[in-house]
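Let's take a walk through a protein model together, one stop at a time. Keep the picture open beside you as you read.

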Amino acid sequence: MKLHELNALPEAKKRKRVGRGPGSGTGKTSGKGEKGQKSRSGVSIPAWFQGGQSPLFRRLPKRGFNNNRFKTEYAIINLATLNNFKDGDVITPELLKETGVIKKQLSGIKVLGYGNLDKKITVRAHRFSMKAIAQIEANGGSCEVI
């Protein structure tokens with residue numbers, strides 16, 4: 001290979017400038033055809049759009065079991081949030097709702113171990129993560145499953 005045999009890098013090539021005058025080969029309609037939605041500027045058609053036809057996922061029959069109606073969803077509280085309470089408090093779902101920490105109780109309350117807890121408190125909830133239990137009990141508090 002010699003210096004005069006080297007090709008330019010693909011990045012070094014000039015991009016095609018559409019809609020320019022004669023000689024460019026992409027004047028007038030700029031390679032977009034004549035009329036229609038795709039020839040307009042700002043067109044964004046989703047990949048799943050089938051031109052007004054009823055989409056495939058709506059035409060196919062829905063089969064099988066779906067558990068969404070029966071799933072349990074917990075209101076989640078992290079340990080860092082529990083630092084807002086006083087030392088020796090008994091934290092219940094009613095207290096959490098009253099103070100505005102949670103809006104809905106959903107299927108119950110789950111305490112997760114995100115953040116640090118530096119207070120001795122008793123927490124009454126429906127579920128606890130292992131990390132949350134370890135940290136609450138390390139500070140001298142207790143976890144009670146409702």
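Where is Ser129 found? Ser129 is in the loop between strand 5 (127-128) and helix 4. Helices (H or I, at least four residues) and strands (E, at least two) are DSSP runs, numbered from the N terminus.

Before we go further, a word on what you are looking at. This is a predicted model, in which local features need pLDDT of at least 70 and side-chain atom pairs count only at pLDDT 80 or more, while totals for chains, interfaces and linings use all residues. Residues are numbered from 1 along each chain as its sequence is written, and side-chain values use heavy atoms, with hydrogens and water left out.

Back to Ser129. Is Ser129 buried or exposed? Ser129 counts as buried because its relative accessibility is 17%, where buried means under 20% relative accessible area, exposed means over 50%, and partly exposed lies in between (1.4 Å probe, protein chains only). Leaving aside residues up to four places away in sequence, Ser129 touches Val111, Leu112 and Gly113; a contact here means heavy atoms within 4.5 Å. The side chain of Ser129 also reaches the backbone nitrogen of Gly113 at 3.3 Å. That is a polar contact: a pair of N or O atoms within 3.5 Å, where, within protein, one must be able to donate a hydrogen and the other to accept it, and residues adjacent in sequence count only if both atoms are side-chain atoms.

Val111 leads us to the next stop. The largest nonpolar core has 18 residues, and Leu82, Val111 and Val123 are those with the most contacts inside it. Such a core is a set of buried Ala, Val, Leu, Ile, Met, Phe, Trp, Tyr and Cys residues joined through side-chain atoms within 4.5 Å. Which elements give two or more residues to this core? They are strand 1 (75-78), helix 2 (79-82), strand 3 (109-112), strand 4 (122-125) and helix 4 (130-138). Try finding Leu82 in the picture: not counting residues up to four places away in sequence, Leu82 touches Ile77, Ile91, Val111, Leu117, Ile121 and Val123.

Strand 4 also takes part in a salt bridge. The side chains of Glu144 and Arg124 meet at 2.6 Å, N to O. This pair links distant parts of the chain, with Glu144 in strand 6 (residues 142-145) and Arg124 in strand 4, 20 residues apart. Glu144 is partly exposed because its relative accessible area is 31%, and Arg124 counts as partly exposed at 34%. A salt bridge is a side-chain nitrogen of Lys or Arg within 4 Å of a carboxyl oxygen of Asp or Glu, and by this rule the count comes to 2.

The other one takes us to the segment before helix 1 (56-59). There, the side chains of Glu34 and Lys28 meet in a salt bridge at 4.0 Å, N to O, and both Glu34 and Lys28 are exposed. Lys28 lies in the segment before helix 1, and its phi is near 50°, a positive value in a residue other than glycine. Ser30, found in that segment too, has a positive phi of about 60° although it is not a glycine. Why point this out? Most residues other than glycine have a negative phi.

Now look at Ser39, also in the segment before helix 1. Ser39 counts as buried because its relative accessibility is 18%. Its side chain reaches the backbone oxygen of Gly36 at 2.8 Å, and Ser39 touches Lys32 and Glu34, not counting residues up to four places away in sequence.

How far apart are Ser129 and Gly36 in space? The two are 57 Å apart, C-alpha to C-alpha, and 93 residues apart in sequence. Gly23, in the segment before helix 1, counts as exposed at 81% relative accessibility. The C-alpha atoms of Gly23 and Leu82 are separated by 72 Å, with their positions 59 residues apart along the chain.

Our last stop is Leu3, which lies in the segment before helix 1 and is exposed, with a relative accessible area of 76%. Together with Met1 and Leu6, Leu3 forms a nonpolar patch on the surface.

How values were computed
Patches are made of residues with over 30% relative accessible area and no salt bridge: like charges are joined within 9 Å, nonpolar side chains (Val, Leu, Ile, Met, Phe, Trp, Tyr) within 5 Å. Accessible areas come from the Shrake-Rupley method with a 1.4 Å probe; for residues, only the protein chains shown count as cover.
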